[in-house]
Structures are given as structure tokens and as C-alpha cells.
Amino acid sequence: MTDRGVRSDPSWWRQAVVYQVYPRSFADANGDGVGDLPGVLSRVDHLVSLGVDAVWFSPFYPSALSDGGYDVDDYRDVDPTIGTLDDFDAVVAALHAHGIRVIIDIVPNHSSDRHVRFQEALAAGPGSPARDRYIFRDGQGVAGELPPNDWRSFFGGPAWTRLPDGQWYLHLFTPHQPDWNWDHPDVAEDFLRTLRFWGDRGVDGFRVDVAMCLAKDLREPYAAWEVVSANLPRPIGAGGPSRFPDGAHPLLDRAELDTIYASWRQVFDSYDPPLFAVGETWVEPHRLARYSDPRGLGQAFNFDFLWNPWEATRFREVIRDSLALAQTAGTSTTWVLSNHDLVRHATRYAPSPLAPDQRLTAAVPIGPEAREQGLRRATAATMLALALPGSAYLYQGEELGLHEVTDIPAASVQDPQARLVDGVLITRDGCRVPLPWTTSGPSFGFGDAEAHLPQPEWFGAVSVQTQTASDTSTLALYRRALQLRHELQCGEELTWLDLGADVVGFRRPNGWVSVTNFGASPTALPPGEVRLTNVDLVDGLLPADASAWLVPVATTDARTS
Ligand code: GLC
């Protein structure tokens, strides 16, 4: 058992607020236009005043950035543009000093094509043991000129790339992200080493990238996978677009994953408190328990809020089902409204010409009224999520109410998934634009130089500096909400309140009540003292697109009055 020096609650994560930092776009200390760890260090006060319980860092590893850092050259180092291992230690120490835990992204499905093992495999040639650590196959056709099968990558195009020596290798994402062969003991062993490396450095847990992808069935004849290209983000599995029975998909959500994550669990449990893990799991809800099982990763992302149109019925259903599933699995659920892969929820909830299921990945420019309504719904949804039992994952910039940036010039686009569909640009860059910290300045306080993705003019007005000066800003609301959540947090149950078809209301065990009005007309609130709203009440009623938190009215003790 490794003593981590700090004895703390092993269940700290169950109802934690986890704030996601996308390091290249958070804060740039050395003025090269790219965010870095010293930048994070300089902004720890922001995370402290926001009141988050943990920070999740998206990849900061050495990378050629073919996929925003999810193409890892070395799992046990820091990219020089982002800093050094010493900088990492300093960030961990500063966050820990404020009681904030640190979660890092681990990317086990694929490395980058610059990884030393992949380079070795290339050099060693076809048939060599070095090639066994990845997935190399001969092609079909007279001279092997056709890929081994018709599998498609999630980012579009074939999932196989041919090398000059004639062999093909598998990559579920870009050709720069070759998939590891998880049947190879070296691969499994090396990841355990990586987990220990970071555990020993003081991290509190991991977010496991595409946790449902690692195990694969490569026996011939290959299973035909009628992939709907780029079907991430989409739940995958039985009933999903691929229509495979549970566990029978050749590439996703396979039974062998249980063994992999059980071995990770042994590493997690060798720390005190055990390391935490949350899987990025795009699977059907009923399959989530496989990952969130306490004998496996322990928690799995529940992305079900993301598909919801702005409708009370859907939100009620998702809440009911997610809580029940988590309870059965002996874990807590997660609430996610935004992350680095999706259109920011302020924009998603705005009236838009796009169909609801397109809004997750595509955004079009919208006018001021739609922006205002989208933001209002977004903060109402955030309050709803924060009042629920379970962990809440926040994505950097949502505390500023940031909208998606929709006017990134084609020449500046970095996302390998970016494409034009019916004239609408689909890119994840719009939620990855560097944060505005100050009202003016070369990159609105992000750094001294122009930011690596262009920031729009309107960023100054929504910067941390501008919003800190106002009591009614989105930032002020997030700070109050997180503080109040801490004060009011209690057992993981809820009781539904019947407040009408368009209203989602519930009470937590200590009397904390949350009410969200999805309808078009104002609604009456149940009895209680209103502690927080995202917009002002009108004549005592909760307006459309608004949330309120209430607590029981303090009763006067009859004997002393
Ligand atoms: C996950 C990440 C995404 C990345 C992909 C491949 O879905 O969240 O950003 O592109 O995995 O690693």
C-alpha cells in the first residue's frame, strides 16, 4: 500500500464538482500562444474562487497535435510547449494545497505514430514481434493493395493505413493514432506502469479516453461493422447504430475489457485513498455498469443529458434512469453538459435552425436574442445538474457562459474531425478557443501573444475580469451555486415534486429543493426560502427557462418567541 501522505475520504469523488481544463487553451504563461502548466499555476486562484473539488486535465503529454493531444508520444512526460514534469508537480501541489484533487486524461486505445513503440514497429518490419504491440495486417487484393476489411475510422475514412512496406495498421481515429494491441502483455504492463507513475506523482485519478474501445476481435473472417461514420459521440451497442448484441461488437464494449480494468483496479487500490477513475464510455446506458463497477473503473460518464432537447419530460426520464442505473452498479452518476468535444451548451440550447441531434457537434451563428435565451437555459440546466446527486463535470469557460465560437476561419481549423456537412462546419475547435481572462489585451489575458485559435471580439465582454466586477454575471452565479452546493450537499437521494408537466422539481434529503421551469409561462414555487435563481423571479414566480434553489424556511422556536 502506497501511503499518499493525505488521508482523505475514499468517496470524495461521488458528489464532486470536476472542472475540465483543456491545457492548451486555459492560460499561456510563456507568451507562445499556447496554454501551459505555468499558466494553470497562475490561475489557481480562479479555480479556488470558483469552488471546484477536482480538476481534470485533458492531455498535456508530448504530442504532434494531430488530435489535440489525444495522440500521445510519451505517456510519462509533459509536452515542452506545455511545461515540464516539475511544472506538473507544482500545479498538483498548488491545487492540493487548496484541497482540489487532480485527475488526468489517459489515452489507452491508441498512441501517436511518433511513439517509440510504433517507431520500433515500423523499423522492425512485417512479421516482427515489435509489430505485435499494434495491429498490423496484410491487405486484400492481388498485391495486398486493399485494406484488410472495410472498417471505418470515427473521424471518417478507412480505419486502416498502408505503409510503404505493404502492411496496413488499424486506427479507430486519425492515421496518426495507431491502436494498441491490448492482447499483448507488454501493452497491458506498460499502462499499469503509467498509472503507477502518475499515482506516485500525486494524481488522484484518471479520465479514461474511449474506455470502451481497447479490446478487439480481429479473428477472420472480420465482423462487418456497418459503421455510421463518425458515430462518436453516439451511444454504441445493442440498439445503437451498429445493432450488435451486447458485447459482440468486434471493436467496442467487449467483454475482455473487464479483465483489463480489473487489473487497473488493483493498481488504484494500492493507493490510500484508492485512485479514482471515470471512463469515457459511449455505450448504451444499460452497459455503463460494466465500467462503473467498483471492481473496474468505478465511474462512467453518463452522457444522456446531451441528447435532450429542452423538455422537462426528457430531463425527468434521464435523471430517473441514470440515478437508478448508478445505484444498481454501486456508484454515483455523472452530469455533463459541455466538454472539449461538443458544442457548448449555451449555444446548444439556443433556438437554432439545426435539428436538436445536430446541435451537439455543429453550430451556426445565432442572433443576440437566441444567444441570451440559450445562456439562460444553460445556466438553468447547470443549476439543475448541480442540485442532483452525483458528480458534476464542468468544462472550462462554461462558468463564463461562453457560447460556441462559430466563425473560426477555415485556415485556422485544427480539429482533424472538422468537416463541412450541408454547408455547416462541424469542428470541435469552437469550444476550444483560449479563455478570455481580461477585458482587453492581446489575447484577452490568455497570454501576451495571439492565441493559437482566434478569439472573437465578444470575448472581452465575457472575460473573467469583466464578470468578476458584476454581481449578476454568469461567473458570479457559478461561484454562488458551487458554494451553496457545498453547504447543502447531502445524501444521494431525491424525492420528485409534482409541479406540472413543464417543471422539473425535486427535494434532497435535507430539504434542499431545486425547480427548473422548461415551460413558456412563469410557474409558482413550492414553499421555502429561495437561496438562488439564475434569473430574477417575476412577481414571486419562476419565469421560463429558469431554475431556483430553495431551502426550508427557518422556523422560529415557539418556546423562545
Ligand atoms: C475522445 C476524446 C476526443 C478524442 C478521441 C480520440 O473521444 O474526448 O477528444 O479525439 O477520444 O482520442
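In which sense do strand 2 and strand 13 (residues 391-395) pair, and over how many bridges? The two run parallel, and four bridges hold the pairing. Pairing here calls for at least two bridges found by DSSP between the two strands. Helices and strands are themselves DSSP runs, counted from the N terminus: H or I over at least four residues for a helix, E over at least two for a strand.

Before going on, a word on what you're looking at: this is a predicted model, where local features need pLDDT of at least 70, side-chain atom pairs count only at pLDDT 80 or more, and totals for chains, interfaces and linings use all residues. Residues are numbered from 1 along each chain as its sequence is written, and side-chain values use heavy atoms, with hydrogens and water left out.

Back to strand 2, which covers residues 17-21. Its other listed partner is strand 3 (residues 54-57), again parallel and again with four bridges. If you want landmarks, find Val-17 facing Ala-392 of strand 13, then go to Val-21, whose bridge partner in strand 3 is Phe-57. Strand 2 is mostly covered, with five of its five residues buried; buried means under 20% relative accessible area, exposed over 50%, and partly exposed anything in between (1.4 Å probe, protein chains only). Neither face is left open: Val-17, Tyr-19 and Val-21 are buried on one side, and Val-18 and Gln-20 on the other.

Now zoom out to the domains. An automatic or database domain assignment sets the bounds, and the chain is split into domain 1 (12-109 + 185-412 + 464-478), domain 2 (116-170) and domain 3 (493-560). Between the C-alpha centres of domain 1 and domain 2 there are 30 Å.

Next, a sheet further along the chain. Five strands make an open, antiparallel sheet in the order 16-17-18-20-19. At its edges sit strand 16 (495-497) and strand 19 (529-533), each pairing on one side only. Neighbouring strands are turned against each other by 25° on average, direction ignored, with axes taken as lines fitted to C-alpha atoms (for helices, over the stretch in contact) and angles running from 0 to 180 degrees between N-to-C directions. Within this sheet, strand 17 (residues 503-507) and strand 18 (residues 513-517) are antiparallel and joined by five bridges. Val-504 sits opposite Thr-516 of strand 18.

Then there are the spaces. The search works on a 1 Å grid over the protein atoms alone: a cavity is a set of points where a 1.4 Å probe fits but cannot get out, a pocket is an open set with protein on both sides within 12 Å along at least five of seven lines, and lining residues have an atom within 4 Å of a point. Points are joined across faces, edges and corners, and the volume is the space filled by probe spheres set on them.

The largest pocket comes to about 610 Å³. It has 23 lining residues, and those closest to its centre are Leu-375, Thr-472, Ser-473, Thr-474 and Asn-534. Helix 10 (368-387) and helix 12 (474-488) are the elements that give two or more residues to this lining, and helix 10 has the largest share, with five. Domain 1 and domain 3 each contribute at least three residues to the lining of the largest pocket. By class, that lining has eight nonpolar, nine polar and six charged residues; Ala, Val, Leu, Ile, Met, Phe, Trp, Tyr, Cys and Pro count as nonpolar, Asp, Glu, Lys and Arg as charged, and the others, Gly among them, as polar.

As for cavities, the whole structure has nine of 30 Å³ or more. The second largest holds about 120 Å³ and is lined by 13 residues, with Leu-288, Ser-322, Leu-325, Ala-326 and Thr-333 nearest its centre. Helix 8 gives the largest share of that lining, four residues. The second largest cavity has six nonpolar, seven polar and no charged residues in its lining.

Finally, some backbone oddities. A cis peptide bond links Glu-220 to Pro-221, with omega about 0°, and another links Asp-272 to Pro-273, with omega about -5°. Leu-65, although not a glycine, has a positive phi near 60°; at 37% relative accessibility, Leu-65 counts as partly exposed. Asp-422 also has a positive phi, near 50°, and sits in the loop between strand 14 (419-421) and strand 15 (424-426). Asp-422 counts as exposed, at 74% relative accessibility.
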